[in-house]
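Here is a friendly walk through a two-chain model, from whole chains down to single residues. Please keep the viewer open beside the text as you read.

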Amino acid sequence: MSLNRRSFIRKATAGIALGALSPSFLSGQNNTDVKSFISTHPTLNFDVAVVGAGPGGVPAAIAAARNGARVVLIEEDNLPGGAPVDMYVAFICGGPRVGNFRKMVKNLNDNHTIGGVTCSTFGNAGQDGKNHWWMPGDYAQVIYQMIAAEKNITLLCGSPVVDTIVTYKGNRNVVQGVRIMRNGELQDIRAGITIDATGSGIVAAMAGCDYMFGSEAKSDFNEHIGLEVADGKIQPCTLMFITERIKRNAVLPIDKMKGSSGVEDNYKDWIRAADKEDMIKRDAGIYLHWGKTVYCKDTRDSLQVAEAQRKALDGLEENMQILHEAGFATHLAPKIGVREVRRIKGEYVLTERDLSKGVQPDDKIADAHYAFDVWGMKIEEKLKHIPPYGIPYRSLIPLNTEGLLLSGRIISATRIAHSSLRVQPICSNIGEAAGTAAAMAAMYKTGVRSIDVKELQTNLEVNGLFNGFKRK
Amino acid sequence: MSFDRRKFLKSAGMGVAGLALGNVQLIAQQSIVKEDTKRNYLPTLKADVIVVGAGPSGVPAALAAAREGAKVILLEEDLTPGGAPVDQYVTFMCGAPRVGIYLETVKELNKKQSLGTTPSSTFGEYAWDGKNHWWMPSSYSRVWNAMITAEKNLTLMCGCRVVDVLMSTKGNRNTVNGVIMMRNQLYQRVEAPVTIDATGTGLVAAKAGCSFFYGSDAKKDFNESIGLEKSDGRVQPCTQMFISQRTRSNTEFPREVFKTGVLLYDDPKWETHMTPEEAAKKDAGIYLHWGATVPVVDTTDPIQVADAQRDAIEMLKPKFQALQEAGYVSHIAPKIGVRECRRIRGEYVLTVDDVLKGVFHDDHIADAWYSLDPWGMKIDEKIKQSVGPYGIPYRSLIPLNTEGLLTAGRIISGTRLAMSSYRVQPICGTIGQAAGTAAAMAALNNTGVRNLDVKSLQLKLDKLGLFDWYKNVKMEVKNKPWRK
């Protein structure tokens, strides 16, 4: 095989690692062969691979690592954190706040309050009837710390996953890891168990798993809330932004802005024009806004998401100009907030009926409590607010697939059920369960289906995951 | 001692190094886009010109090509266009001249998005008033989105990551026929007679098999009069930028915590060069910080770059804390600022002597003026101050042995020292505009990029005002377009 530039660099890769690659090595070699795409990076092997360092992934990685697995946490962005960091979804919604999630928000409240002072009413789980949010950069810092505290987690940022490594055994797909892209080159990451914590379900989709996308009809799963006829629609996307004053006496022009409702940190209500006098007195000076909501037909396509973002940006032009004239600076979220993508079909599909009845399944691995919250669909008040319920382990196991667990909002559920469980505290609780289960399956070399669910539940219990609804 | 990820990866590399060739053959037999039949391919798109990378050189390139009448597709991996000013927070002006599309951009920013809320009255014809100007990252997104939308021939596709290049071979040249990009799970081919690599990393050219340089050259490599005796393969370090801003009205900026690297807007002085009285009077309320600078061995590897970002943010903890205690918040740039990556070898390699002697080659297509500014390398102050305007030759945009591809921005063909001057946004913008204009000409007239009538290209650029500053401004200008 003729010497070409790429194989030269591959041999010199060790050289780069030692910082000694000289340009005079690189000559003008002609590449007359049809390009072949050989990876210059060796395969890495782990016990558990978590794809997506967001609200469903970071807790999964931490839980797997503390249970003894060697974990790789793969993130396409440069910073870890997901939604709170790049979509500015920096605001807590839903509960219970237990386990890892509680540790994270406690850290944020103790060390990173926007006002500079720990909120005294925050209490044990940040449930004090007030709105709380933190700077995206602070989420990133706390998450870095929590990951670094675990000896067995390798964090790979800047690594988009381009493929799932999968083989076919009998009538099941077996996931063996993922393939990432590193600036044009590929690298295989192999693991006993992979966790899809992408929020989009792309790892599962690339593994060939069956999934649901868009509204079902009520009758599909015998639900009492929903549409008569399925319309395939998903929830719209919202571009968030943060505003702060530049000049010290600038006042948020809330009376002039149309839409872009916002919240202060550590205050119970949304800011409204009628409230302007009090708002000036409170002098927060910094606000988190639900900027503009637009409909994106297919959130599986990053191009369509980007177009939705551009549309949202256009729609915000007027408000941003008003803010600018009032002496406020606008920090737009790098990515538009996406609420819903795929829902992977699992061994059990969680439905509206389950949630409305407050189901506590035998294989419950996470507590959850949040109303049905489908943007774009009107649900009667009395039907929206539901009791606490439990997430069954079976909803984390994709049909006909081994070696893969689901985490976060992509677990197996109908659209109505998803609208409740999609919030960060619940995604985090699901993540801890997924990570613990993955570690068990990897260490004991069983499939994800064959782990001892009672043992899993005991493990989660010990780590406080079920303390949310226990009497104090 | 905590688990060191970098060591882990290195040892993994060493461990399988001996097996590398064999293993790798098994795992990735072919181009990633050939393997799987389950890969979904969307219908092929066709254009006259493809620009990869919607950043400081790509946006002007795409706009320029569209304005020449070419059908242009602008591909960007992030969800929003902008590149360095938007995701690395490199939002201030450095370097000159400010002409063409770059000037359009900053004029619009000054007119509508000035942090002082009124446009700077001294901004002038060439955005030249001896003051420091910077804008919100989101301002760049808004201005460029509007400029892109205004061009009917230009299709912006964000969320689309280029993963491969479409190539054919003819005689002893590779021809780039387009690219393959990935939109989440979906792949799509985009074909065009001319592609412009405006990635800042040189990824497209690298995938096309072009020769490139990486890291320091030795002086003798290109007979340069200054530089290193021995090449050391190093690139400039990376800097994590951030923006701090007041919240409550009774806040005071904790300036004693910041020794250097804090920029206010619309002022000739940096924060730490002001007296406390001046600073209090200016009372800026919003600051751009060169937060922490970290070396990276291989900036082509996003994992190493992300690692460096983690280290930089760790280093900044005490500063973030001080700001929080003072009632300020910090907005951390989503990406760490990368100054240098690959340099694609072209038909001419611009050297530091071209820069120092102020050479304008016959085929010069962009004016440039900025000091030699290689972070991490010491250069005699007198030499730095002596740098005058010079020209970027068209040949530096044409990769060796490759047709159908042009480079734009900092990845053009130059030595590392030369690049340390032309890497700044105004110059990258002008190079981009030239590349875009040339690409449109080559595509629409069906010539290769080499057979372009360069005189004709220069005439077009002249008409667009790209050479106006150099023609009109005296050499003895008081304010040099670089930081003290």
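## Charges and overall build

The mean positions of the 56 positive and 51 negative charges of chain A are 2 Å apart. For this count Lys and Arg are positive and Asp and Glu negative, with His and the chain ends not counted, and each charge is placed at NZ of Lys, CZ of Arg, CG of Asp or CD of Glu. In chain B there are 60 positive and 51 negative side chains, and the centres of these two sets lie 1 Å apart.

A word on the ground rules: this is a predicted model, in which local features need pLDDT of at least 70, side-chain atom pairs count only at pLDDT 80 or more, and totals for chains, interfaces and linings use all residues. Residues are numbered from 1 along each chain as its sequence is written, chains are lettered from A and ligands numbered from 1 in the order in which they are written, and side-chain values use heavy atoms, with hydrogens and water left out.

The table sets out some totals for each chain. Helices (H or I, at least four residues) and strands (E, at least two) are DSSP runs, numbered from the N terminus. Accessible areas come from the Shrake-Rupley method with a 1.4 Å probe, and for residues only the protein chains shown count as cover.

| Chain | Helices and strands | C-alpha span along principal axes | Exposed area |
|---|---|---|---|
| Chain A | 13 helices, 16 strands | about 75 × 55 × 45 Å | about 16900 Å² |
| Chain B | 17 helices, 18 strands | about 70 × 60 × 50 Å | about 17500 Å² |

Carbon and sulfur atoms supply 51% of the exposed area of chain A and 52% of that of chain B.

How does the radius of gyration of chain A stand against that of a compact globule? A compact globule of 472 residues would have a radius near 23 Å, and chain A agrees, with 23 Å. The radius is taken over C-alpha atoms, and the globule rule is 2.2 Å times the number of residues to the power 0.38. For the 484 residues of chain B the rule gives a value near 23 Å, and chain B has 23 Å, which agrees.

Buried residues (under 20% relative accessible area; exposed is over 50%, partly exposed in between, with a 1.4 Å probe and protein chains only) make up 65% of chain A. In chain B the buried share is 65% of the 484 residues. Contacts (heavy atoms within 4.5 Å) reach along the sequence: in chain A, residues 24 or more positions apart account for 74% of those with a separation of 6 or more. In chain B, 74% of the contacts between residues at least 6 apart join residues at least 24 apart.

## Two helices of chain A

Helix H4 (residues 99–111) of chain A has 13 residues and runs 18 Å from its first C-alpha to its last, close to the 18 Å expected at 1.5 Å a residue. The expected span is 1.5 Å times one less than the number of residues. Among the buried residues of H4(A) are A:Phe101, A:Met104, A:Val105 and A:Leu108. An α-helix has 3.6 residues a turn, so residues three or four places apart point the same way. The buried residues of H4(A) pack against helix H2 (58–66), H5 and helix H12 (424–444) of chain A.

That brings us to helix H5 (residues 136–148) of chain A, whose 13 residues should span 18 Å at 1.5 Å a residue; its end C-alpha atoms are 18 Å apart, which agrees. How many residues of H5(A) are buried? The count is 11 of 13, so H5(A) is mostly covered. They include A:Tyr139, A:Val142, A:Ile143, A:Met146 and A:Ile147.

## Four residues to visit

A:Asp275 sits in the loop between strand S9 (262–263) and helix H7 (276–282) of chain A. Is A:Asp275 buried or exposed? Its relative accessibility is 7%, so A:Asp275 counts as buried. Beyond its neighbours within four places in sequence, A:Asp275 is in contact with A:Tyr267 and A:Arg282.

B:Ser138 belongs to helix H7 of chain B and counts as buried because its relative accessibility is 6%. Which residues does B:Ser138 contact, leaving aside its neighbours within four places in sequence? They are A:Met320, A:Thr330 and A:Leu332.

B:Asp129 lies in the loop between helix H6 (100–113) and helix H7 (137–149) of chain B, and is buried, with a relative accessible area of 17%. B:Asp129 and B:Pro254 are 125 residues apart in sequence and 28 Å apart in space, C-alpha to C-alpha.

B:Asn40 lies in strand S1 (residues 40–46) of chain B and, at 36% relative accessibility, counts as partly exposed. Not counting residues up to four places away in sequence, B:Asn40 touches B:Gln185, B:Leu186 and B:Tyr187. The C-alpha atoms of B:Asn40 and B:Gln433 are separated by 35 Å, with their positions 393 residues apart along the chain.
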